[in-house]
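Biologist: I haven't seen this one before. Could you pull it up so we can walk through it together?

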Amino acid sequence: MFPNAAPETQYFKPTHWLGSPLGDVWGLMCKRGNWAYVLPGSRISARFPNFATIAENSKAFEVLKQHYKDGLFCWKKGTRQRLAGMVVTETIQFKAEREATEFLFAGEPAAEEWKDVKSMPKCFGN
């Protein structure tokens, strides 16, 4: 493992979780130092199920537009374990945990806080 390698070449193991797989927001994060990495499979607030709803909300659009253009998240069909909506497809690096939270809640006030992965219920698939 090379410490200065690009994020996509490093393996990230979840250290924190937020929300619920069947809830409004679902997030897995790897925290390393001051950096926060939102991991693939995390879901942006269900209030923004597609890019059209994101574009209608100026705050959500400002927070999400560059990541969408970069192809780091996209719309995914729902399953029994996951609601349909905008899902992270590649690891996204943030300077702080606060920025990762703002991303998942699409700029809206966060209703939840990150919890240590050791406290994640077994039914969440850890």
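Biologist: Which residues have the most contacts inside the largest nonpolar core?

Modeller: Keep in mind that this is a predicted model. Its largest nonpolar core holds 23 residues. Strand 3 (35-38), helix 2 (58-69), strand 5 (85-88), strand 6 (92-94) and helix 3 (97-104) each bring at least two residues to this core. Inside the core, the ones with the most contacts are Leu64, Phe73 and Phe103.

Biologist: What does Phe73 touch, leaving out residues up to four places away in sequence?

Modeller: Contact here means heavy atoms within 4.5 Å. On that basis Phe73 meets Ile44, Ile54, Leu64, His67, Tyr68, Met86, Val87, Val88, Thr89 and Phe103.

Biologist: How many residues are in the other core?

Modeller: That core lies apart from the one Phe73 belongs to. Among its members are Phe12, Trp26, Leu28 and Met120. Its count is eight residues.

Biologist: In what order do the elements run from the N terminus on?

Modeller: You've got three helices and seven strands to place. Starting at the N terminus, the order is β-β-β-α-α-β-β-β-α-β.

Biologist: Why is the protein said to be as compact as a globular protein of its length?

Modeller: The C-alpha atoms fill a box of roughly 40 × 30 × 25 Å along the principal axes. For 126 residues the globule rule gives 14 Å, and the protein counts as that compact because its radius of gyration is close to this, at 14 Å.

Biologist: How far apart are the centres of the positive and negative side chains?

Modeller: There are 17 positive side chains and 13 negative ones. The centres of the two sets are separated by 6 Å.

Methods:
Residues numbered from 1 in each chain as written. Predicted model: local features only at pLDDT ≥ 70, side-chain atom pairs only at ≥ 80, totals over all residues. Heavy atoms only, no water. Core = buried A, V, L, I, M, F, W, Y, C linked by side-chain atoms within 4.5 Å. Buried < 20%, exposed > 50% of the residue type's maximum accessible area, 1.4 Å probe, protein only. Helix = DSSP H or I, 4+ residues; strand = E, 2+ residues; numbered from the N terminus. Rg over C-alpha atoms; globule rule 2.2 N^0.38 Å. Lys, Arg positive; Asp, Glu negative; His and termini not counted. Charge placed at Lys NZ, Arg CZ, Asp CG, Glu CD.
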